Amino acid sequence: MHPTRPASALVRDLGRADYEPVFAAMRAFTDARTHDTRDELWIVEHPPVFTLGLGADRAHLLAGPGVPAHGIPVVQTDRGGEITYHGPGQVVIYLLVDLRRNKPGGKLYARQFVEKIEQAVIDVLAAYNLGGERVAGAPGIYIAAGPRRGAKIAALGLKVRGNGCTYHGVSLNVAMDLAPFSWINPCGYSGLSTVDMRTMGIEAPLADVQHALAQALLRHLAPCDPNNSN
């Protein structure tokens, strides 16, 4: 008898919401969840905010240590990675997932989880005729060809607890004010160019891209079929 496959993740649309209450809610959800708690994907659009990963160097906030850049709040988080920016016109999806039960007979490892998230972004970009690619050692998705090759269009940062439960997630730039990215070293890389879909010539409603990315994530994160060895 094969183990029961868990239900696919529940998708919640939080609309536009301040970062800190959502961050607190992610931690509270993860604190309270049990082995039977259904995984969830939270779609949200944040007002402008800079967030710092656990190992982030505040020197990458170019306004200077302790000085809010252009009035934008700076929030310390418990995710991996360096500094990044969230703001209007960006798809953010938080992944509250139990990696232990994603794969019958074993868990989904963090590296596999990251690869699935990145592939979901690549698939969405391809649907809009944009080529995205991974860069070794630099999580996220980058423009794959043309004069903007190497520019970052999607960022990734996760917290994986010792029990295999995750939160934080992925962001994809759709139609943003990109100036705040120039006020930091995005993800700790000095001079890293950051773009959005609009910069690349794609005009797409934010809600459409939110839905497309959520569906792509559901496809890639669907528990493996125990009758399929792949």
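Trainee: Helices here are DSSP runs of H or I with at least four residues, and strands are runs of E with at least two, both numbered from the N terminus; with that in mind, where is the place of Asp39?
Mentor: Asp39 is in the loop between α1 and β2, and please keep in mind throughout that this is a predicted model.

Trainee: Is Asp39 buried or exposed?
Mentor: Asp39 has a relative accessible area of 9%, and since buried means under 20%, Asp39 counts as buried.

Trainee: Which residues does Asp39 touch, leaving out those up to four places away in sequence?
Mentor: Its contacts are Ala9, Leu10, Arg33, Leu96, Val97, Asp98 and Arg101. Leu96 lies 57 residues away from Asp39 in sequence, yet their C-alpha atoms are 5.7 Å apart in space.

Trainee: OK, what about the strands beside that loop, in what sense do β1 and β2 pair?
Mentor: β1, residues 10-16, and β2, residues 40-45, pair in the parallel sense over 5 bridges. To get from β1 to β2 the chain passes through helix α1, residues 19-32, and this β-α-β crossover is right-handed. Within the pairing, Leu10 stands opposite Glu40, and Arg12 stands opposite Trp42.

Trainee: And what order do the strands take in the sheet that holds β1 and β2?
Mentor: That open sheet has 7 strands in the order β1-β2-β6-β10-β9-β8-β7, with mixed pairing. β1 and β7 are its edge strands, each pairing on one side only, and neighbouring strands are turned by 20° against each other on average, direction ignored.

Trainee: Which strands of it does α3 touch?
Mentor: Helix α3, residues 206-221, packs on the sheet and touches β1, β2, β6 and β10, with its direction making about 30° with that of β6. Helix α1 also lies across β1, β2, β6 (90-96) and β10 (166-173), and α1 runs at about 145° to β10.

Trainee: Back to the edge at β7, how many residues are between β7 and β8?
Mentor: There are 2 residues between them in a hairpin, and Gly137 in the turn has a positive phi of about 80°. The strands themselves, β7 at residues 132-135 and β8 at residues 138-143, run antiparallel and are joined by 3 bridges, with Gly132 having Ile143 as its bridge partner in β8.

Trainee: New topic: what is the order of the sheet with 3 strands?
Mentor: The order of that open sheet is β4-β3-β5, and its pairing is mixed.

Trainee: Why is one side of β4 and of β5 left without a neighbour in the sheet?
Mentor: β4 (74-76) and β5 (83-86) stand at the edges and each has a single partner strand, so one side of each has no neighbour in the sheet. Neighbouring strands here are turned by 30° against each other on average, direction ignored. β3, residues 49-52, runs parallel to β4 and is joined to it by 3 bridges, with Leu52 standing opposite Gln76. Helix α1 lies across β3, β4 and β5 too, running at about 15° to β4.

Trainee: Zooming out, how many helices and strands are in the chain?
Mentor: The chain has 3 helices and 10 strands, and buried residues make up 48% of its 230 residues.

Trainee: Last one, where does pLDDT stay under 50?
Mentor: It stays under 50 over residues 225-230, a stretch for which the model has 5 contacts beyond four places in sequence. The chain as a whole averages a pLDDT of 88, and 86% of the residues score at least 70.

How values were computed: Residues numbered from 1 in each chain as written. Predicted model: local features only at pLDDT ≥ 70, side-chain atom pairs only at ≥ 80, totals over all residues. Heavy atoms only, no water. Pairing = 2+ DSSP bridges. Right-handed = clockwise from strand over helix to strand, strands pointing away. Axes fitted to C-alpha atoms, helices over the stretch in contact; angles between N-to-C directions. Contact = heavy atoms within 4.5 Å. pLDDT = per-residue confidence, 0-100. Buried < 20%, exposed > 50% of the residue type's maximum accessible area, 1.4 Å probe, protein only.
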